[in-house]
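Subject: Structure for you to look at

Hello,

Here is the structure I said I would pass on. Please open it before you read the notes, and keep it open while you do.

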Amino acid sequence: MYQRIKNGLFYPKQLAESYKKGIIGFLIFLIILASLPTLLYICVNGIFTYEDIRNVKRIFAEEEVLEYRIENHQFMGNSATVKNKYIILEEETLGIVFVNDTNDSISVNEKMVIVLEQDGVYLSMPLVAGATIKLADYNNLPNIDFSAANDFSNSDFWNVIFGYVDDVLKANWYFVYPGYIIAVVMQMAISILLGIGSTTIILLLFDRTPGIKFGEVFKNSTSAYLPFVITLILSYAFNIQFLQFIGNIISFIYAMIAHNIYRLIKYKEISNHE
């Protein structure tokens, strides 16, 4: 593994013989390495990223004024006639329900729903009702007017809300965090496999060298993908998205260098057989 990492960073010509070795372990290493920034962020800051917070604020800013409030640790509508409201935060994934009338039913399609009702907040998922976080347990919880949700820049309001929601998610970590971590790793795995697969197809598309196999080229391309993963981590660390593009270019060049050496190896094999 150490030799493959060193070659993947500094000696692309040495990657040409990666096709002779197993690739599953290295591929898993790349996926885990690429997932680390997001996973570390979750552990330190919770599930909501900076971009998630901006999106939630934007969604609420575009909604009608919310006629709800928290007063003396009780959630309620501004009047008894205020209906329940359902807001989709992420299509098919996450929503939030404001419950003022328990007799007013709302159908939801999202896999995870944050439910805010009189006494507190709980998380609802298919076949599972999460732990309820009681508003009364927050001695320092201020009175909150949800009409402030329309103000994107109201940091006092949003800091309280996101802090409270984060506590709800942490209280239900046993089914929220494992699922979210699996989703992050699976998303990264698909992204990396698509990148490696695309590189492999491009290299094969313009190559008519006899004896070349897709699986062998795929192995070489996988070994060449380490620079992209490293620049991906750096782009998260320094918030410079352009680094990912640079990493993609470097990895593709490495794959081309390795592929040219691999073609020579195949030519020699064919010549020796003849």
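The notes below go through what was found, one region at a time. Please keep in mind that this is a predicted model.

Nonpolar patch

Start at the surface. Ten side chains, I230, L234, F238, I240, F242, F245, I246, I249, I250 and I253, make a nonpolar patch of about 880 Å². Two helices, α7 (226-238) and α8 (242-273), each supply at least two residues of this patch. Which of them gives the largest share? That is α8, with 6 residues. One of the patch members, L234, sits in helix α7. L234 counts as partly exposed because its relative accessibility is 36%, which lies between the limits of 20% for buried and 50% for exposed.

Helices α1 and α7

Helix α7 also packs against helix α1, which covers residues 2-10. Their axes are 8 Å apart and cross at an angle of about 80°. α1 is therefore roughly perpendicular to α7. If you want to find where the two helices meet, look at I5, G8 and L9 on the α1 side and at L226, P227 and I230 on the α7 side. I230 is also among the residues of the nonpolar patch.

Helix α6

Is helix α6 mostly enclosed or mostly open? It is largely enclosed by the rest of the structure, because 7 of its 10 residues are buried. The buried ones are E216, V217, F218, N220, S221, T222 and S223. The helix itself runs over residues 214-223.

Take S221 as an example from this helix. Its relative accessibility is 2%, so S221 counts as buried; the limit for that word is under 20%. What does S221 touch, apart from its neighbours within four places in sequence? The contacts are I196, T199, T200, L203 and A255.

G215 lies in α6 as well, but G215 has a relative accessible area of 41% and is therefore partly exposed. G215 and T200 are 15 residues apart in sequence, while their C-alpha atoms are 9.0 Å apart in space. T200 is also one of the contacts of S221.

Salt bridges

How many salt bridges does the structure hold? There are 3.

One salt bridge joins E62 and R58, where the closest N and O atoms are 3.8 Å apart. E62 counts as exposed because its relative accessibility is 58%. R58, with a relative accessible area of 38%, is partly exposed.

Another joins the side chains of K85 and E63, at 3.3 Å from N to O. This pair links distant parts of the chain, 22 residues apart: K85 is in strand β3 (residues 85-90), and E63 is in the loop between α3 (50-61) and β1 (68-71). K85 is partly exposed, with a relative accessible area of 21%. E63 is partly exposed too, at 27%.

The side chains of R69 and E71 also meet in a salt bridge, with an N to O distance of 3.0 Å. R69 has a relative accessibility of 22%, so R69 counts as partly exposed. E71 counts as partly exposed as well, with 32%.

Loops

In the loop between β1 and β2 (74-77) you will find N72, and H73 lies in that loop too. Some background helps here: most residues other than glycine have a negative phi. The phi of N72 is near 50°, a positive value in a residue other than glycine. H73 has a positive phi of about 65°, and H73 is not a glycine either. N72 is exposed because its relative accessible area is 58%. H73 is partly exposed, with a relative accessible area of 22%.

The loop between β3 and β4 (94-98) holds E91. E91 counts as exposed, since its relative accessibility is 58%. E91 and K111 are 20 residues apart in sequence, and their C-alpha atoms are 9.3 Å apart in space.

That is the end of the notes.

Regards

Terms used. Residues are numbered from 1 along each chain as its sequence is written. This is a predicted model: local features need pLDDT of at least 70, side-chain atom pairs count only at pLDDT 80 or more; totals for chains, interfaces and linings use all residues. Side-chain values use heavy atoms; hydrogens and water are left out. Patches are made of residues with over 30% relative accessible area and no salt bridge: like charges are joined within 9 Å, nonpolar side chains (Val, Leu, Ile, Met, Phe, Trp, Tyr) within 5 Å. Accessible areas come from the Shrake-Rupley method with a 1.4 Å probe; for residues, only the protein chains shown count as cover. A salt bridge is a side-chain nitrogen of Lys or Arg within 4 Å of a carboxyl oxygen of Asp or Glu. Helices (H or I, at least four residues) and strands (E, at least two) are DSSP runs, numbered from the N terminus. Buried means under 20% relative accessible area, exposed over 50%, partly exposed in between (1.4 Å probe, protein chains only). Axes are lines fitted to C-alpha atoms, for helices over the stretch in contact, and angles run from 0 to 180 degrees between N-to-C directions. Angles under 35 degrees count as roughly parallel, over 145 as roughly antiparallel, 65 to 115 as roughly perpendicular and the rest as oblique. Contact means heavy atoms within 4.5 Å.
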